[in-house]
Amino acid sequence: MLLDALIAGASVITMDPDRPSAHTIGIWNGQILGLDEDVADLPARRVVDLRGATITPGFIDAHSHLAWTGLSAKAVSIAPCQDVEAVLHTLEEAVRTTPVGGWVEAIGYDQRPLGRHLTRFDLDRVSHGRLVHLIHVSGHAAVVNSEVVDRFPEQARSGTANGVEYDVRGEPTGLLTEEGTRFVHELRSPYEPAALDEALQTAARICAAEGVTMCAEAGVGGTLTGASATAFASYQRAHAAGLPLRTQLMVVADELHPLPAHPDDDVRFALDLGLRTGFGDARLSAGAMKLWLDGGMMARTAALSEPYQGTDHRGVLTHDPSTVGETIRKAHASGWQLALHAIGDLAVDVAIEALERAQRENPRADARHRIEHCGLVRPDQLDKLAALNVIAVLQPTFLHEFGDDYARIMGPRRSEWMYRGRSLLDHGIRIAGSSDRPVSCGAPLRAMQFMVERRSCSGQVIGEAEGIRVDEALAAYTRDAAYACRVDHLVGTITAGKRADLVVLAKDPRAVPAGAISDIEVLATVLDGETVHGDLNKA
């Protein structure tokens, strides 16, 4: 047999417990044919000597927003602005290049450095007939100007719509949270196919540069994350054009509906034609059903059992728990994997109760249901999550970037429970790493560093007892992320028979100080045996 490539002279971290290390990898037809002595004597079209560089499985981002990431890369950003006037100045510059009646969309809106939320009247000062839409950095809120508000349906303008803030006169202030953001989504025309194609390619290149070979798109079809009603077609076009990234699409619960199936058919609640978790191929597939149970900590909408520190506010559940339970029951019974967005501990309670009922009624041993974020988990919830075999899909960089604020609003006792690591693992709960990009930095090495040292960007240690080992952090972004996405038969470890998704690193993350993990250079990223970032010959 003639190998396509023989990679030698490497320090290979396989993440396979049965064969944890190697120095030679044989690649044929996009697959790992074998390691070390199994392939060392086989001829190859190309032989690469890595001269001691480290190889790990390709990193997997188990929860991200690729279209949003790509669109954000070219959007107006107000993130650097520290006061209201700076925000308005930035918007005014964007307005000048936008036709009257056109949309001016800006990312990075954050009320915290401004000291208050902006209002539509602030935006009206600089909008001059344009439709202005500021997207909150969390993705769970927005501010719009009067041009947009005036186009809302009567329900949203009359002081009765959920997620729309009103002033003392009962008029919209322009601030929208959670469900209220749908009014903008309904007004905003779907993004042009060409714009989405470019956005996906841009996001994929960003991922490849960070060593990411697979992403799970967390919510196609949703008002918070959806950019098009034809998302599957957008991804099909992108893959046909050579998207350098393996992708899995979570479908929002609103897109599922009852089907008139045969009584013996378990698919009663799905997309048209019975499409559900697992449909697709190795490059593009349908993933879990996504359901939001609460909001986010930055927007103060994560649902808590106790109020935010110094307030009487507990956040919000996005749906009535009985409605959530019924949706989860039907989706579980129809064979869907579930991805339940629950950041606050009250939302985690709702998820636990609903999953317990669903499993009682229709036991499924390998459901692999996920709780996305698990932002605040009380000690009494750990055993319950373990009993359900739930996977915790975490975003460690949230606490690196926003941890100082989160610790303040949670207080000393609860800040120890945020985005746990050690406690989850010690209870036998798998953790999968992710970024929620573009909400936070997508680089897995940056996230792994936080998982080990638990330091925010200011240096504050948050939940020191929740720190984990480097090898455990690597597992979260490789083997266990693959398990969470139900693709562990394809990727996640460097094992004969799996796809040749690899990351070449300048240094071994296990051999550098914890504070230097994020500085390790990604020399090359390999997808299906093909280099999609960097140059193997120069590694």
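In strand S14, leucine 176 serves as the bridge partner of valine 164, a pairing described here from a predicted model. The two strands concerned, S13 (residues 164-166) and S14, pair in the antiparallel sense over two bridges. Five residues lie between the strands of this hairpin, within which glycine 170 takes a positive phi near 85°.

Strand S14 is also paired with S12, to which it runs antiparallel and is joined by three bridges; within S14, leucine 175 stands opposite valine 143. Five of the six residues of S14 are buried, so the strand is largely enclosed by the rest of the structure.

Helix H4, which spans residues 120-127, has Arg120, Asp122, Leu123, Val126 and Ser127 as buried residues. Viewed down the axis of H4, these buried residues fall within an arc of 150°, so they line one face of the helix. Such an arrangement can be considered in the light of helical geometry: an α-helix has 3.6 residues a turn, so residues three or four places apart point the same way. The cover over the buried residues of H4 includes strand S14 (172-177) and strand S12 (141-144), together with strand S11 (131-136), helix H2 (84-96) and helix H5 (146-149). Strands S12 and S14, which are joined by three bridges, are thus both included in what covers the buried residues of H4. Just after H4, histidine 128 takes a positive phi of about 50°.

Key:
Residues are numbered from 1 along each chain as its sequence is written. This is a predicted model: local features need pLDDT of at least 70, side-chain atom pairs count only at pLDDT 80 or more; totals for chains, interfaces and linings use all residues. Side-chain values use heavy atoms; hydrogens and water are left out. Buried means under 20% relative accessible area, exposed over 50%, partly exposed in between (1.4 Å probe, protein chains only). Helices (H or I, at least four residues) and strands (E, at least two) are DSSP runs, numbered from the N terminus. The arc is that of the directions from the helix axis to the C-beta atoms. Contact means heavy atoms within 4.5 Å. Two strands pair if DSSP finds at least two bridges between them.
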